[in-house]
Amino acid sequence: MRFRGVDSSDDEFGAAPNDGNDDTKAVLAAIAHANEIDGPVIVRFSAGRYRISEVLHVERSEFVLQGAGSGPGGTTLHFPRPLNQVDK
């Protein structure tokens, strides 16, 4: 099975790690674009911390959110509020 990739930090989407800004809209746009691709798909995040303020809904199979690993040099999706309060 071969996955097609979408890079969340592409100019088209604009998610920028480590800048302290909310990356939610860019990440949601990358996910929406990935949902239009038939077959297996990966939304890639380069190393760094992405600030997310909304729930990210993944509503299909063969869909992967892929970072650059864990620990130093890895990727963090940071939710500043508890997830049970995000939609309120």
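**Contacts and packing around T75, helix α1 and the D22–R51 pair**

In this predicted model, the side chain of T75 comes to 3.1 Å from the backbone oxygen of S46. A polar atom of the same T75 side chain also lies 2.7 Å from the backbone nitrogen of A68. T75 therefore has side-chain links to the backbone of S46 and to the backbone of A68. The residue sits in strand β5, which covers residues 75-78. With a relative accessibility of 18%, T75 falls under the 20% limit and so counts as buried. Beyond its neighbours within four places in sequence, T75 is in contact with F45, S46, A47, G48 and Y50, and also with G67, A68 and G69.

Two of these contact partners, F45 and Y50, lead to the aromatic residues. The structure holds one aromatic pair. Its ring centres, those of F45 and Y50, are 5.2 Å apart and the planes meet at 75 degrees; because this angle is over 60 degrees, the pair is classed as edge-to-face. Both rings belong to buried residues: the relative accessible area of F45 is 4%, and that of Y50 is 0%.

Attention then turns to helix α1, which runs over residues 24-35. Twelve residues at 1.5 Å a residue should span 16 Å, and the end C-alpha atoms of α1 are indeed 16 Å apart, so the expected and computed values agree. The buried residues of this helix are T24, A26, V27, A30, I31 and A34. An α-helix has 3.6 residues a turn, so residues three or four places apart point the same way. The buried residues of α1 pack against four strands, namely β1 (4-7), β2 (41-44), β3 (48-51) and β4 (63-66).

What does the largest nonpolar core contain? This core has 16 residues, and those with the most contacts inside it are V6, V27, I31, A34, V41, V43 and F63. Two or more residues come from each of the elements α1 and β2. Helix α1 gives the most, with five residues. F63 offers a handy view of the packing: apart from residues up to four places away in sequence, it touches I31, A34 and N35, together with V41, V43 and V58.

At the other end of the list of buried helix residues is T24, which is found in α1. The relative accessible area of T24 is 1%, so the residue is buried. The side chains of T24 and D22 are joined by a polar contact of 2.5 Å. T24 also touches R51, I52, S53 and E54, not counting residues up to four places away in sequence.

D22 and R51 meet each other as well. The structure has one salt bridge. It is formed by D22 and R51, whose closest N and O atoms are 3.9 Å apart. D22 lies in the loop between β1 and α1, whereas R51 belongs to strand β3, so the pair ties together parts that are 29 residues apart in sequence. Neither partner counts as buried: D22 is partly exposed at 39% relative accessibility, and R51 is partly exposed at 32%. T24 is thus linked to both partners, through its polar contact with the side chain of D22 and its contact with R51.

Conventions:
Residues numbered from 1 in each chain as written. Predicted model: local features only at pLDDT ≥ 70, side-chain atom pairs only at ≥ 80, totals over all residues. Heavy atoms only, no water. Expected span 1.5 Å × (residues − 1). Buried < 20%, exposed > 50% of the residue type's maximum accessible area, 1.4 Å probe, protein only. Contact = heavy atoms within 4.5 Å. Polar contact = N/O pair within 3.5 Å; in protein donor to acceptor, adjacent residues only side chain to side chain. Salt bridge = Lys/Arg side-chain N within 4 Å of Asp/Glu carboxyl O. Core = buried A, V, L, I, M, F, W, Y, C linked by side-chain atoms within 4.5 Å. Phe/Tyr/Trp six-rings, centres within 6.5 Å; stacked < 30°, edge-to-face > 60°.
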